[in-house]
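Colleague: Hi! I have the file open next to me. Could you walk me through it?

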Amino acid sequence: MARLSAAAPVLLIVSIAARLAWTYLLPNGANFVDLHVYVGGAAALDQPGTLYDYVYADQTPDFPLPFTYPPFAAVVFYPLHLLPFGLVALAWELGIVAALYGVVRLSQRLLADSPGALPGGHRVAMLWTAVGIWTEPLRSTFDYGQINVLLVLAVLYAVYRTQWWLSGLLVGLAAGVKLTPAVSGLYFLGARRWATAVFSGVVFLGTVVLSALVVGDQTRYYFTDLLGDARRVGPIGTSFNQSWRGGISRILGHDAGYGPLVVAGIAVTAVLALLAWRAIGGSDDRLAAIVVVQLFGLLLSPISWTHHWVWLIPLMIWLLHGPWRDRTGARILGWGWLALTLIGVPWLLSFAQPTIWVISRPWYLAWAGLIYIVATLATLAWIATRGSRRYRGPSAGPCP
């Protein structure tokens with residue numbers, strides 16, 4: 001480990017250079033389709049009333065991509081369309097790397113308050129960043145030009161800071177750009193940070209009001225007609241959708257919606273998440289607590305693309321560097337998640353599906369598509385069952 005730490009800066013530079021080479025030198029490197037949607041959708045603000053009519057189809061003929069984000073996102077992205085797209089894309093790639101490093105460093109700082117944890121320093125963070133670049137959530141983030149790493153960074157910083165107004169501002173703005181960070185409110189409620197939870201809701205409502213002033217009736221259209229229409233976001237049944245709704249739909253062969261099986265799966269996840277929360281002492285271990293909430297949110301959401309699963313990076317850091325790191329289960333889960341994401345099982349399964357639109361598939365492919373879901377349940381269950389044997393510090397020794 002000492003040798004790896006010493007070589008961390010070089011390894012990080014090599015990893016970044018390899019990622020940029022992958023993007024710009026390979027024929028099928030990065031297509032930046034989501035970044036095109038961000039920029040193109042924002043540019044549509046110049047033509048009032050057309051934001052949610054916009055689609056990007058240049059590189060996605062089988063699925064013209066609409067602008068599916070809250071209208072506040074278009075307001076935030078608007079300046080980007082004034083710059084050359086090539087410059088925006090390069091800055092976005094480098095920004096993802098910087099944000100990933102920030103996610104790792106914040107995870108370490110949150111661990112620093114946990115007795116028995118060994119969070120590591122800058123060189124360990126460099127190693128995690130160098131490796132994290134090649135995990136499936138980050139690979140798809142780079143390929144599509146997604147924003148999820150920045151949102152994870154904002155939420156982690158909100159958890160790290162204790163000022164209610166700053167934490168609430170960050171979560172509210174993040175939810176205004178993309179609704180998924182809103183589940184973070186459960187963490188602040190569970191941690192009894194009432195002012196933060198309330199203020200994040202106020203800030204989110206502020207983004208809606210600002211959008212109504214800038215974008216006009218398209219704001220009402222989004223929050224009344226489009227919100228909740230998962231089919232507009234993308235194909236429910238593709239293996240890249242690692243949520244309960246996606247997993248059950250693949251097994252049934254049609255969109256399961258929020259039918260009994262999906263609701264049952266969500267209910268089981270909620271119980272395991274609650275037990276896991278209690279096992280880690282509620283918000284005493286802030287990194288574990290926010291990760292538990294986010295894992296629940298990922299399975300709850302109608303669509304959780306693999307690039308939404310950036311939260312696996314903080315999870316792996318907690319498992320392998322946190323207060324329970326000496327436990328056999330933590331090592332198995334930590335290294336197991338790392339292997340799973342480096343291989344990219346949903347990505348491999350995508351080659352076996354006829355098209356992204358065909359939900360039905362052979363049973364073995366359908367069940368294999370539950371991979372992130374099953375791994376998440378196993379993780380939450382392990383944390384929950386360790387609750388009665390909580391880590392007491394280094395002197396207690398390993399506890400399998």
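Modeller: Happy to. Let's begin with Phe32, which counts as buried because its relative accessibility is 6%. Keep in mind throughout that this is a predicted model.

Colleague: Where does Phe32 sit along the chain?

Modeller: Phe32 is in the loop between α2 (8-25) and α3 (33-43). Its backbone has a quirk too: phi of Phe32 is near 55°, a positive value in a residue other than glycine.

Colleague: Which other non-glycine residue has a positive phi?

Modeller: Arg192 is one, with phi near 60°. Arg192 belongs to the loop between α10 and α11 (194-215).

Colleague: And is Arg192 buried or exposed?

Modeller: Exposed, because its relative accessibility is 65%.

Colleague: Back to α3, then. How many of its residues are buried?

Modeller: 9 of the 11 residues in α3 are buried, so the helix is mostly covered. Among them are Val33, Leu35, Val37 and Tyr38, and Asp34 is on the buried list as well.

Colleague: What covers them?

Modeller: The cover includes two strands, β1 (55-56) and β2 (65-66), along with the helices α4 (71-77), α5 and α7.

Colleague: OK, tell me about the nonpolar core. Which residues touch the most other members?

Modeller: The largest nonpolar core has 107 residues, and those touching the most other members are Phe67, Phe77, Leu156, Tyr187, Trp318 and Trp337. Helix α5 (residues 85-111) gives the most to this core, with 12 residues.

Colleague: Why would nonpolar side chains be buried together?

Modeller: As a general tendency, that is what nonpolar side chains do in soluble globular proteins.

Colleague: What is Phe67 in contact with?

Modeller: Leaving aside neighbours within four places in sequence, Phe67 is in contact with Val37, Tyr38 and Gly41, which are also among the buried residues of α3. The other contacts of Phe67 are Leu51, Tyr52, Tyr54, Ala73, Ala74 and Arg232.

Colleague: You mentioned the largest core. What about a second one?

Modeller: There is a second, separate core of 5 residues, which includes Ala230, Phe240, Ile303 and Trp305.

Colleague: Let's look at α5 again. How does it lie against α8?

Modeller: The axes of α5 and α8 (residues 148-160) come within 9 Å and cross at roughly 25°. The two helices are therefore roughly parallel, and their crossing is left-handed.

Colleague: Which residues make that contact?

Modeller: From α5 they include Ile96, Leu100, Val103 and Leu106, and from α8 they include Leu153, Leu156 and Tyr160. The residues of this contact divide into 14 nonpolar, 2 polar and 1 charged.

Colleague: And α5 against α7?

Modeller: Here the axes of α5 and α7 (residues 136-144) come within 9 Å and cross at roughly 155°. That makes α5 roughly antiparallel to α7, because the angle is over 145 degrees. The crossing is right-handed.

Colleague: Who is involved in that one?

Modeller: On the α5 side, the contact is made by Glu93, Ile96, Val97 and Leu100; on the α7 side, by Leu138, Thr141 and Phe142. Those residues divide into 5 nonpolar, 1 polar and 1 charged. Ile96 and Leu100 are also part of the contact with α8.

Colleague: Changing topic: what about Thr341?

Modeller: Thr341 is in helix α18 (residues 328-343). Thr341 counts as buried because its relative accessibility is 1%. Beyond its neighbours within four places in sequence, Thr341 is in contact with Trp134, Thr135, Glu136, Pro137, Arg139, Leu312, Met316 and Tyr372.

Colleague: Gly336 is in α18 too, right? Is Gly336 buried, exposed or partly exposed?

Modeller: Yes, Gly336 has its place in helix α18. Gly336 is partly exposed, with a relative accessible area of 35%. Gly336 and Ala375 are 39 residues apart in sequence and 8.9 Å apart in space, C-alpha to C-alpha.

Colleague: Last one: where is Pro181, and what does it touch?

Modeller: Pro181 is in the loop between α9 (164-177) and α10 (185-190), and counts as buried at 6% relative accessibility. Not counting residues up to four places away in sequence, Pro181 touches Leu151, Val155, Val171, Ala174 and Ala175.

Colleague: Great, thanks!

Technical notes. Residues numbered from 1 in each chain as written. Predicted model: local features only at pLDDT ≥ 70, side-chain atom pairs only at ≥ 80, totals over all residues. Heavy atoms only, no water. Helix = DSSP H or I, 4+ residues; strand = E, 2+ residues; numbered from the N terminus. Buried < 20%, exposed > 50% of the residue type's maximum accessible area, 1.4 Å probe, protein only. Contact = heavy atoms within 4.5 Å. Core = buried A, V, L, I, M, F, W, Y, C linked by side-chain atoms within 4.5 Å. Axes fitted to C-alpha atoms, helices over the stretch in contact; angles between N-to-C directions. Parallel < 35°, antiparallel > 145°, perpendicular 65-115°, else oblique. Left-handed = near helix turned anticlockwise from the far one by under 90°. Nonpolar A, V, L, I, M, F, W, Y, C, P; charged D, E, K, R; others polar.
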